[in-house]
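Work through the following exercises with the sequence and the coordinates side by side, and try each task before reading its solution.

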Amino acid sequence: MTQYQSDLLRLLNDRGYIHQLTDAKALDSLATKSIIPGYIGFDVTADSLHVGNLVQIMLLRRLQQAGHKPIVLMGGGTTKVGDPSGKDEMRKLLDEDGIASNFAKIRDSFENFLTFGDGPTDAIMVNNDDWLSKLEYIPFLRDIGRHFTINRMLAFDSVKLRLEREQPLTFLEFNYMILQAYDFLELSRKYDCKLQMGGSDQWGNIVNGIELGRRIDGAELFGVTTPLITKADGSKMGKSVDGAIWLNADRLSPYDYWQFWRNTDDRDVGKFMRLFTDIDLNEISRLEALEGSDINEAKKILADAATAMAHGQSAATDAAKTAQQTFEQGAAGGDLPLLEISEAQISILEALVGIGFCASKGEAKRLVAGGGARIDDEPVGDAGAMIDLADADRKISAGKKKHGLLRKT
């Protein structure tokens, strides 16, 4: 097992973040002697980040916990191009207003994970559109483009895999790796940034930036990538049967976020605690060793810690209380999804669609026919059933894990 001297690499190694390192010995030595500014880039293609981005956010948090300086690079410029990594087709291009709106909504997510400010280890947030939009095409090609060979660019997985699947790769996307490399050069110059981190699919882009900094400025730069985070069943972290697990509360309620972590596979509890919480490693070892029904208590601790980090302790406490009321006491917890209607009655199909448990009445009919729909914990077998809301709220359930409230306004 690798023995690191710096708090930074020991922390990353012990919690399972390290997949690849460039010049580990030199980075380890530098981290023991000075504060390292390090960055990760996040394109603003949606109005919220999701759990699939969380390991990268946690990397920045670990960097700060080890006494170094996180730089959150928002890709206002690179979003206009689109990262081809892992994609079979070009991303939908957003206009300036769409990018600015997404930027504003994503920005607040980082406040929950990092401490921002003007101090030497305080996090900063920058936008690569500030420099990419000012580049002049011919000077950029002459000064930067000459350091990249088409032969090597074609060998990168983000390009090679797309071409092997005979999917078109636009010239616009082909430029993405050059722009990302230029970001590292720019951050090195502006903020003395020494480290770029990212997922394993970004290794080639990171190496490009390191080599560009060395060739043009003689800078000594470093890279760290994380392994692909998968669940025990082999599926990619960050997805559920219902889609992305969003970090913004207006896209996914803190209760549903809590439930995502509560439903972790037994085999993933320890790994997810190391990656996505600040729970002490010795305590994690104790919790992941629990067996049978006892492991459920560990899952609740994981859910509490992860939700508190993303949404605050109050939201985590409310989510846990709602879950206890709903699952253990048979009551309808107050933090459940709520559908308010003006009429005294609503059909079971309209209720299931309206509260978001089913995408269509056809799907709702199939749920009822399969015995998965319940009102106040009683099965509903008739797709034509009406729910009376005149006197009280009613609890509606779809399967074992989706619960909500129906209320007359």
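**Exercise 1. A glycine in a loop**

In which loop is the place of Gly 76, and between which strand and which helix does that loop run? Locate the residue, then decide on its burial and list its contacts.

Solution. The model is a predicted one, and every value below is computed from it. Step one is to place the residue: Gly 76 lies in the loop that runs between strand E3 (69-75) and helix H4 (96-111). Step two is to apply the burial cut-off, which is under 20% relative accessible area; Gly 76 has 2% relative accessibility and therefore counts as buried. Step three is to list its contacts, leaving aside residues up to four places away in sequence: Gly 76 touches Val 44, Ile 99, Asn 127, Asn 128 and Asp 129. Step four is a distance along the same region: the C-alpha atoms of Gly 76 and Glu 111, which are 35 residues apart along the chain, are separated by 19 Å.

**Exercise 2. The span and burial of a helix**

Compare the span of helix H3 with the expected one, and then establish how many of its residues are buried.

Solution. Helix H3 covers residues 51-65, which is 15 residues, and from its first C-alpha to its last it reaches 21 Å. At 1.5 Å a residue the expected span is 21 Å, and the span of H3 is close to that value. As for burial, H3 is mostly covered, with 13 of its 15 residues buried. Just after the helix, Gly 67 takes a positive phi of about 90 degrees.

**Exercise 3. Two arginines and one aspartate**

Identify the salt bridges that Asp 278 makes with Arg 61 and Arg 62, and describe the burial of the residues involved.

Solution. The structure holds 17 salt bridges. In one of them Arg 61 pairs with Asp 278, the closest N and O atoms being 2.5 Å apart. This pair links distant parts of the chain, with Arg 61 in helix H3 and Asp 278 in the loop between helix H13 (269-276) and helix H14 (281-288), 217 residues apart. The side chains of Arg 62 and Asp 278 also meet in a salt bridge, at 2.5 Å from N to O. Here too distant parts of the chain are linked, Arg 62 being in helix H3 and 216 residues apart from Asp 278. Taken together, Arg 61, Arg 62 and Asp 278 are linked in a network of salt bridges. For burial, Arg 61 has a relative accessible area of 16% and is buried, Arg 62 at 1% is likewise buried, whereas Asp 278 at 34% is partly exposed.

**Exercise 4. Positive phi outside glycine**

Examine the phi values of Asp 23 and Asp 192, and give the surroundings of each.

Solution. Asp 23 has a positive phi of about 50 degrees although it is not a glycine. Asp 23 sits in the loop between strand E1 (20-21) and helix H2 (24-33), and at 46% relative accessibility it counts as partly exposed. Asp 192 has a phi near 55 degrees, again a positive value in a residue other than glycine. Its place is in the loop between helix H10 (176-191) and strand E5 (195-199), and with a relative accessible area of 43% Asp 192 is partly exposed. The side chain of Asp 192 also meets that of Lys 194 in a salt bridge of 3.4 Å, N to O, and Lys 194, at 22% relative accessibility, counts as partly exposed.

Conventions
Residues numbered from 1 in each chain as written. Predicted model: local features only at pLDDT ≥ 70, side-chain atom pairs only at ≥ 80, totals over all residues. Heavy atoms only, no water. Helix = DSSP H or I, 4+ residues; strand = E, 2+ residues; numbered from the N terminus. Expected span 1.5 Å × (residues − 1). Buried < 20%, exposed > 50% of the residue type's maximum accessible area, 1.4 Å probe, protein only. Contact = heavy atoms within 4.5 Å. Salt bridge = Lys/Arg side-chain N within 4 Å of Asp/Glu carboxyl O.
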